[in-house]
Number of protein chains: 4
Amino acid sequence: VKTLIAVIGGRKESHELLVHAEETGKEIAKRGAVLICGGLTGTMEAAARGAKAEGGITVGILPGNSPTDANQYIDIPLATGLGLARNAIIMSVAHAVVAIGGSYGTLSEIAYALQYNKPIVGINTWNIEGVTTVKNAHEAIHKLFAEISPQG
Amino acid sequence: VKTLIAVIGGRKESHELLVHAEETGKEIAKRGAVLICGGLTGTMEAAARGAKAEGGITVGILPGNSPTDANQYIDIPLATGLGLARNAIIMSVAHAVVAIGGSYGTLSEIAYALQYNKPIVGINTWNIEGVTTVKNAHEAIHKLFAEISPQG
Amino acid sequence: VKTLIAVIGGRKESHELLVHAEETGKEIAKRGAVLICGGLTGTMEAAARGAKAEGGITVGILPGNSPTDANQYIDIPLATGLGLARNAIIMSVAHAVVAIGGSYGTLSEIAYALQYNKPIVGINTWNIEGVTTVKNAHEAIHKLFAEISPQG
Amino acid sequence: VKTLIAVIGGRKESHELLVHAEETGKEIAKRGAVLICGGLTGTMEAAARGAKAEGGITVGILPGNSPTDANQYIDIPLATGLGLARNAIIMSVAHAVVAIGGSYGTLSEIAYALQYNKPIVGINTWNIEGVTTVKNAHEAIHKLFAEISPQG
């Protein structure tokens, strides 16, 4: 069974945040974990591109009914047809979460992660109690893996 | 067709906030609107009690599969079986939203309301840009109805 | 708390089946129960029209995000945004079910009703083991109420 | 991007049907497609075991909130927390469907597949118009791939 790490964040982010997202995707793949994301553009696409660059597996949990909505780096496009309720699903399925930038959609996911008591770290994202601020992808994934596999 | 106003907030709140919730339920019913809430205890129960005191209709959108999970003031207990994804549904169905106190579940709902671009006011709740702070139930409902029926 | 009876069936049905749906809506309202349906046209609209003719309350659980998708006889239009997954919700929330005609959407609902072990009767609908065939609205509602309130 | 083939069926099936499920999982993996299933026991487990025997990727879309509910052959356990509404999701995300045996849960999925207009074949399952009956796993996957990639 694979460890599932979600990367969440906005569709329109600065180049700097997209680089963080791509690096995060790489770190996830290097650990042998699966990238879970919303499957669309921006941070989702950057993270998926990073994961594929390291030979990882990428899952996109899409709001609509068409798998072709997924960005080109998604291996497994899950077209749920649930609309924004898919945000809840992304957080339910993830073992741990990295939030990068983001707007209200990301805020709903952060809230769900905290309600589900999932480990969550953030890079330049909503300042919500319970989210651990980290500086970069390496620190993000290092901290999350320390929490989900204490002996690792 | 009825106007649907959601009251969201935590299960464990101070007496003062529960009074605000009950007053909000009353104001909703006085306007002939339907109270939408999560159907459980705390602010949800207080709001439903208020709405029933004024002869209103109350809908509880429950996370579980059993309608008996609803508090005693719910007329229409909708046992969705969706778990926490029901938070997204409450915000999708409401025409406007009053947030009172609350924890992470309420935060997820606030985020959804803002993502859906629904009018939302708050009493002593999460300080998120886009939520209009109000002092009491009367001001809450007055502001929301001004937004959803400009000519009213 | 109200008893919630779902009427399910197709959007395009014969005049005869629509009359059965309208009569079923009337019987539900006469019993003081709430009509739950998919909120759209055909049997859903006929059932809602019947329920309103007897002063009942009607709830439409819609697939899309817009309450204006509901037919004109729906009091409480719940625009879930869940797409076809809303079929599962209709069956989860209903205490008992009347199926009238219908196509694949109705079949998914019948299957859910049986999986949830809800009492279900059918008028000229899918022939699935577990669905009790009835001749008309009166027999449908009589049988369902006998099951959900044995002492009634 | 991967092709996603769902195998649906009951938790308690005959040895013969479980062999069909396992063979179907093998055929899916041999084609380089991803197995989508409900992640639990019976046909779901047999199909996942088959897919893993051929080095495939297996996704389990679970009703509960715990990834440990998945059978041991699931690589990517998606604990949706949606309850039975997850049946709708399995059918929304699949490109094509193989139904093997099954009870009411399988019937709801067959109905959804047909409502979504997904190619679907069946081995000893519900006799519903629109489901193409096949004799074995090889015929099942051959027919489905002919439909979803006509030039293949």
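Tutor: A polar contact is a pair of N or O atoms within 3.5 Å; within protein, one must be able to donate a hydrogen and the other to accept it. The model discussed here is predicted.

Student: How many residue pairs are in polar contact between chain C and chain A?

Tutor: The count takes only pairs with both residues at pLDDT 80 or more. A search for salt bridges across the interface of chain C and chain A gives zero. For residue pairs in polar contact between chain C and chain A, the count is zero.

Student: How many charged residues are on the side of chain C that touches chain A?

Tutor: By class, that side of chain C has two nonpolar and two polar residues. The contact takes four residues from chain C and four residues from chain A. The number of charged residues on the side of chain C is none.

Student: Which residues of chain C lose the most area to chain A?

Tutor: The area buried between chain C and chain A is about 220 Å², and carbon and sulfur atoms give 58% of it. Three residues together account for 89% of what the side of chain C buries: Gly81(C), Leu82(C) and Ala85(C).

Student: Which residue of chain C comes closest to the rotation axis?

Tutor: Chain C is superposed on chain A by a rotation of 180° with 0.0 Å of shift along its axis, at RMSD 0.0 Å. The copies meet through the same surface, because 100% of the interface residues of chain C are also interface residues in chain A. At 2.2 Å (C-alpha), the residue of chain C closest to the axis is Leu82(C).

Methods. Residues are numbered from 1 along each chain as its sequence is written. Chains are lettered from A and ligands numbered from 1 in the order in which they are written. This is a predicted model: local features need pLDDT of at least 70, side-chain atom pairs count only at pLDDT 80 or more; totals for chains, interfaces and linings use all residues. Side-chain values use heavy atoms; hydrogens and water are left out. Contact means heavy atoms within 4.5 Å. Buried area is the accessible area (1.4 Å probe) that two parts lose on being put together, summed over both. A salt bridge is a side-chain nitrogen of Lys or Arg within 4 Å of a carboxyl oxygen of Asp or Glu. A polar contact is a pair of N or O atoms within 3.5 Å; within protein, one must be able to donate a hydrogen and the other to accept it, and residues adjacent in sequence count only if both atoms are side-chain atoms. Ala, Val, Leu, Ile, Met, Phe, Trp, Tyr, Cys and Pro count as nonpolar, Asp, Glu, Lys and Arg as charged, and the others, Gly among them, as polar. Copies are superposed by least squares on the C-alpha atoms of residues with pLDDT of at least 70 in both.
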